[in-house]
Structure formats: C-alpha cells, structure tokens
Amino acid sequence: MLINPTEEQEFFRATTERFLVEHAPPDALRRLRDDADGFDRDYWRRGAELGWTSLLVDEAHGGGSISGAGLVDLSLVAYEFGHHAAPGPLTATNVVASALSDRGSDGEQAEVLAGLLSGEAIAAWCAPELGARPDTWRTAVEIERAGDALVLRGTVRPVEHAGQAEHLLVTAREGAGLTQVLVPAGASGIAVETLETVDLTRRFGAVTFDGVRVGADAVVGVPGEASSDVGRQLRRAVTMLNAEAVGAMQAAFDMTVEWSFDRYSFGRPLASYQALKHRFADMMSWLQAGHAISDSACAAAQDDEPNADELGSAAKAFIGRYGGELIQDCVQLHGGIGVTFDHDLHLYLRRLTVNRSVAGTPREHLRRIAGIVEAREGEAA
Amino acid sequence: MSALRAEEETETEEIEDLESFRRRARAFITANLAPKTIDEMRQDYSVGDEEAELAEIAHERDLQRMIYDAGLAGICFPRAYGGQGLTPAHQMVLNEEIVGRDFPWRIQVPTFVPCAAIILEFGTEEQKQRYLPPILRGEELWMQFLSEPSGGSDVAAALTTAVRDGDQWVLNGSKIWTTGAWWSDWGLCLARTNWDVPKHRGLTVFMLPIHQPNVEVHRIEMLNGSREFCQEFLTDVVVPDSDRIGEVDDGWTVGTRWMFHERMLFNSPYASHPVGVTHGSMDATSVFKVAREAGLLEDTATQEMVGEARMLELISDAVGKRINESISAGKLSDQAAAIVRLFKGSSQERIRTLGFEVAGSAGAAWSGEGPTTRAAINYLIRQGGSIGGGTLEMARNVVAERVLGMPRERRLDKDVPFRDVPRSRSSSG
C-alpha cells in the first residue's frame, strides 16, 4: 500500500473501499459460498464503472489510469480487494484486458476489450506455469496448424473463473515457441471441469481443449513469440495477487491486534504477555516487509524495469510464505474462535492461501530467483 | 529534525538540481576513486596485522579529505559546518554513484552516523563549529562510548560515572563494543551524573579524546577472528563542561535519538552507503558461490535456498526504505526503526544459515580461502548481528510496546533512585 498516494489515488482507493464495505461485507461473502459464480454481475459492472477494469488499458482503447501509472493505481484496488476478501475476477480480467490493449487486433478483439472494460464480459487467463529457467514457461496446450486454422489440444488447470468467463486467453506451445490466442469460452471442443477451492468467492476450473479450431485472427501478438508477453502478464498478475495478499494480511493483523487488547486471561489482556508481544513484533515486521516488497515490485513492474521479475518473484515468495505464517499465527492467537466459520478471520486466510498457490508457488518463485542470480553471476564471470 | 533544518537553511539559495549533482559526483568519482569489488570492500582488516589496518584507515581518511575538497562530503550537513546543505535525494544519488568504487565507508559508521548526526542535532553552535568540519574532512574519527560490560541492551543503566568538579567533569568506568577505538580520535560518551534519581533522569553525554593516558583501550577477539571491537577503561578522565552535549541529567533525550540514528544507519542521509551493498558479511551472492563450489546448482532444494537468501536481501532493502519513508511522512513513529532492525537481523541470521546449509560437508572442513570458508565462519558467529547494536529481543519489545502500543513490561528500575536498582552480581557500581 503506497505511503504517499496522490490525492487522486487516495480518492480512488477510498471510493473502492466504500463500495466494498457496502457491497461485500463478510455476511455477503459467506452467502456467496453457495453461489455458482461466486460474484454478482451487476456488482462487477458497477465496479467497472469505478475503474476496476480500465487501468491497464491504453486511453486509445477506452482505458486510462489515475496517476499515469496504471499498475500502481490498480494495486490500490487489489489491496482493497484483499482487505475485504472481495469477490470478482479482478486479476484475470485485468491481465487479459492489458494483453488485448498491448497486443490485440482492431477488429473483434477490440470489441472483446470493450466488453471487459464495461464489465459486461469477463475473461479467464489460461496461464502457463513457471519453467525451469527465468524466461521459460510450461504449458500442456499445443497448437497445430490446419490450413489457416489453429487447432488447440491440452488441458490447463487451475484457471480462475474459467466457468464464468466469456473469453479465454490461452498460451499454447507452437513448435519451439509460444503463441497466445483469444478463444470464446463457448467454442466447440472446450470443456470446463469445476474444481474445488478454499476461497468462498473465487471459482476455478480445469479447461480442456479437445481439437478447438480458431482462425488466425484469434492470435494475440506474434505467433511463436509470446514468451515476453507472458512474462509481462505474469508480472501484472503477480503484482495484483501480492497487493491483494498484503491487504488480507493487514486485515487479519489489525483484527488480531485489537483482539489482543480486548481479550483477557488470568486477569490480563493478551497484549500484556511478552511471549505474545514478541510474536506480534515479528508479524509486524513481516507485514511491513510485505507492504515494502509489494510496492517496490509493483513500481518496477509498472515500467517493466530490468529487475521487475526478480522483485516480483521475491514478493510473491515472501508474501506467500510469511503471509501464510502471519495469518495462521493470527488464528492461533485468537484461539478456538479463530477456526470457526462464524469468525471473519478465515476470509483472509482463504484469500491468501489461494493467492499463494496461483501464478507460481513460493518454491517456484525462489527457484526462479536463483536462476536470475545464476544468470547474473554467469554474465559477471 | 536536523535534515529539515538543513533544507530550511538553504531554502533561499539555489539547490543544485539532482542531475547536475549526479554529473558532478560522477566526474569526480570516475577520475579519483579506483574500482573496488564488494569482496574487497568487505575485507576485515582487523583480522590481520595492525600495520595493514592502520594503513587502510589512513587511506580512508585521505579519501574522505578528497571527497571533502570536491564538495561531496556531508551531503545533508549544513554548509556552515562544512557540509553541502543538500537533501536526502542528493545523498541517494551519491549512494548510487559510488557503487563499485573505493569509498571510505569504514569510517562512515559510527563517525557520521550516529556521532556527527547527534552533534548536529544537540550540539551548541560552538560545538558544531568545532567538531563537524574535522569529521567531514576525515581528520577526526569518532566512536560510541555507549555499551558497558554490566549490561548490553539496558543502555540507560550505565554505571560509568561523571562527577562535577567546577567547570569540568571527572569520568570513571568502562565502555565496551566500540569499533576500532584504538585508531579513533574521539568518543561520544554516555555517563551517569546523578545516582539519586531514576535511571533515565541521571544521565549526561560527553565528548572526550580517546588518546590520553587516562583512557586505556583493549582489543577483543571475536569468534570469526575479527579484532574490531574494543573495551575502554576510563580512570579520572577530565572533560571540560564545554564538551558536554545536551543538558546535565538529560542525556536520555540525546540517547534516544542516538539509538534512533544507530538503527537507521544504513538508511541515514548523514552517511554514504553504496546502493545494493549489504553490510552483513554473508549475502545472497556468497550463498550462490558456496552452492556453486559445492556443485549443487542443479539441486532444486539448493536453488530454493539460494533464492531465499536473495529474497531476504531484496526485502531487507525494501523494508528499510519503506520504514524510512513512513517515518518521514509521519505515518509511523521514530520507534518504527526497530522494525528494520528486527527484519534485517532475522534475515541475516537466516542468510548465514543458508550459506552454511548449501556448503554441504565442506562446511565441516575445508582447504584454502574461498566462499565456503566464509560460510562456516559466518555460521559460527551467526548471532553476532542479532546482538550488536541492540538485541533482536529489545527490538521486539520496542515494536510491540512503542509501535503497536501494547502494555509495557513491568520494571523494577522505574521511579526509584538508580542506586537502589538491583544489579547483576558481577557489576560493582
């Protein structure tokens, strides 16, 4: 969360915060547990009106940022999403919208982008997984050419909101390279298996492409050369997931600090025990570290700085690991009430737990950092 | 805050813009400061013979003088005291420009931070005129006479005593953990001036020359072979009242800021630190080199450990910057510097463990000098960084009590005259 937001950024953040307080209170989140989609379309459209979908999109395509740094602005929304464990396909829709803004064609893809911007439609990001080296990716989807058509085969999992999205951005292997295509979710040959997850309002699916045929106009960017586009999309997704996770950490931490002052045992508040105070101090240091690296990585990703991948992976690994420890310790300090569904604490634990494991796990990101260090040392030698 | 004062003073003058400052700094640095690797900069001269260490210190003093003559010393110190009257942003530019160059960074701490910062903040006009310019010229190096053998973390429980004798003071006692006191010139000394009031209200800060017959300096050998730390014995050391800094018995006001500067030193605008150079002797690059030497780079568990070391290093930098900015913006109190202390200390412990872990069996016994040697020795002295400069336990207390506002620990030294406070058996007052 920015230390010194501009007045416009602060107004923007506060508007989203007010909206979420009103439309996504904890009771509403609990009710959404049994909702097939996990979020309400009208809620999402109204969020789009607040600017949730337009920040990474060029002005020429109907988007625009608050401060000139769209990803930084978006991180404020993502932070509030985490702080309220809010529903809605924030990460995937923004990643796909930015990809279409950067690389999309003028015709049909521009229309899809307009739909994402208005909140009428949502998109799923069928992302590849991190490869063995910093700039390599693993995907089980393959493209074969059949005349002018492209034929997709393979399965991607887990894909957030695959079952709700109107559009899928798919990364597939084509020969030695990667190609990205935008596919209508209803295309023939696509099957979505619904997956289970711990977040109350997010839905995941496994998407199987069984000979899905699309035209050459479905390609986003240059065929066979999507690797750097994927890198950019991952940086953006990681930025949003990190900001969201830090929002969840902050909410859980604040709730637990308050509890430690209010809860008495043996005639003393919990906050008066040194054994517990020291744990709060550690948690405070992890929380501040989470804020710090999330914002540094966001600033680097905003301008695609050379160190953006390294910072992004450091943030993703740290926040996943220590954020999990922080919220689990918040549960421990709450005692029995902390492991009940009626308490709000688990809403943040759920959000963080899922964020930890998508777009690269902490371990995968640590290996990626090691690869970056090795490449740098190799160059220096 | 003195940084703000420095800005106010120069408000009416034209402040050099950052780009022309950068050009000026770069021109001087490329022409005058030799390239130097991080490993070379980290070399611990206190392990070797005294001649080599003295030569290195003399070299750093010369470099500091050149930097002073070039108008690049004391970026955030006012011009009236030999500084440049510029801003923390200028200091940051200098920190970027000195990367990979020979720079007198050994004498930055504690001379500039915390000592010079404290003189700037609490000194009288005469004291600032007298002491700051020689510091900025590299002529006078300072040490902190702060900790005592009787108690490390409980700094305010100082037993070193100053007794007034007309317009001078007579000091007796012992100080410890001073870095390189034997080649330094001045000590900033916290002493007890009143035993009949509670401990925080009977302290006063003095400035005294180290090289005098009444100050005896002993060197201490550490587990890694370093002999940088010293212990001093003060016997009837006479200090004129004009070398007292701050009010009599109000030394804790000075002491609080003193420790703030100490905790912030790697992010302080009063000293220069090459960007990206971590001050722990184990960094992620070393961990990587140890793993490479062990032939384990293809092992995924090792890769994760190398990645973890680098992660902690990057985050240590980020958290230092963030807390500094939060304090400047008034979002967190000065006490939040303890968060940085806690995070960096814990991270350095972990990085040292990782360096040792990835060494494999070579961590038990090795031949020659190399990354693995450092890994084993650094593991041996792993806790050093979590003790020196205030223990992590103290930092945790500060974060919980002063930042989060949790109830303070019950204490037996409050509201009673210091002479009645229970003390360790070994420390005679």
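How many of the 29 residues of H8(A) are buried? The views below start there; keep in mind that this is a predicted model.

**View 1. Helix H8 of chain A, end to end.** The answer is 24 of the 29, so H8(A) is largely enclosed by the rest of the structure. Here "buried" is a matter of counting neighbours: a residue qualifies if 20 or more other C-beta atoms lie within 10 Å of its own. The helix takes in residues 274-302 of chain A. Lay a ruler along it: at 1.5 Å a residue, H8 should span 42 Å, and its end C-alpha atoms are indeed 42 Å apart, so expectation and model agree. Past the helix, look for A:Asp304, which follows H8(A) and has a positive phi, near 50 degrees.

**View 2. The side of chain A that touches chain B.** Zoom out a little and the two chains come into contact, with 32 residues taken from chain A and 34 residues from chain B. On the chain A side, the elements giving two or more residues are H8, helix H9 (308-334) and helix H11 (362-380). H8(A) turns up again here, since the largest share of that side, 13 residues, comes from it. Sort the chain A side by class and you get 18 nonpolar, eight polar and six charged residues.

**View 3. Two helices packed in chain B.** A pair of packed helices is described by the angle between their axes and the distance between the axes. In this close-up, helix H2 (residues 18-32) and helix H5 (residues 88-97) of chain B pack at about 35 degrees, with axes 10 Å apart. The crossing of H2(B) and H5(B) is right-handed. From H2(B), the contact uses B:Leu18, B:Phe21, B:Arg22, B:Ala25, B:Arg26 and B:Ile29. H5(B) brings B:Ala89, B:His90, B:Val93, B:Leu94 and B:Glu97 to meet them. By class, the residues of this contact come out as seven nonpolar, one polar and three charged.

**View 4. Chain B as the setting for that pair.** Step back from H2(B) and H5(B), and chain B comes to 14 helices and eight strands. Its radius of gyration is 22 Å, close to the 22 Å that the globule rule gives for 429 residues, so chain B is as compact as a globular protein of that length. Along the principal axes, the C-alpha atoms of chain B fill a box of roughly 70 × 55 × 50 Å. Buried residues account for 46% of the 429 in the chain. Of the chain B contacts between residues at least 6 apart in sequence, 73% join residues at least 24 apart.

Terms used: Residues numbered from 1 in each chain as written. Chains lettered and ligands numbered in written order. Predicted model: local features only at pLDDT ≥ 70, side-chain atom pairs only at ≥ 80, totals over all residues. Helix = DSSP H or I, 4+ residues; strand = E, 2+ residues; numbered from the N terminus. Expected span 1.5 Å × (residues − 1). Buried ≥ 20, exposed ≤ 12 C-beta atoms within 10 Å, placed from the backbone. Axes fitted to C-alpha atoms, helices over the stretch in contact; angles between N-to-C directions. Left-handed = near helix turned anticlockwise from the far one by under 90°. Contact = placed C-beta atoms within 7 Å. Nonpolar A, V, L, I, M, F, W, Y, C, P; charged D, E, K, R; others polar. Rg over C-alpha atoms; globule rule 2.2 N^0.38 Å.
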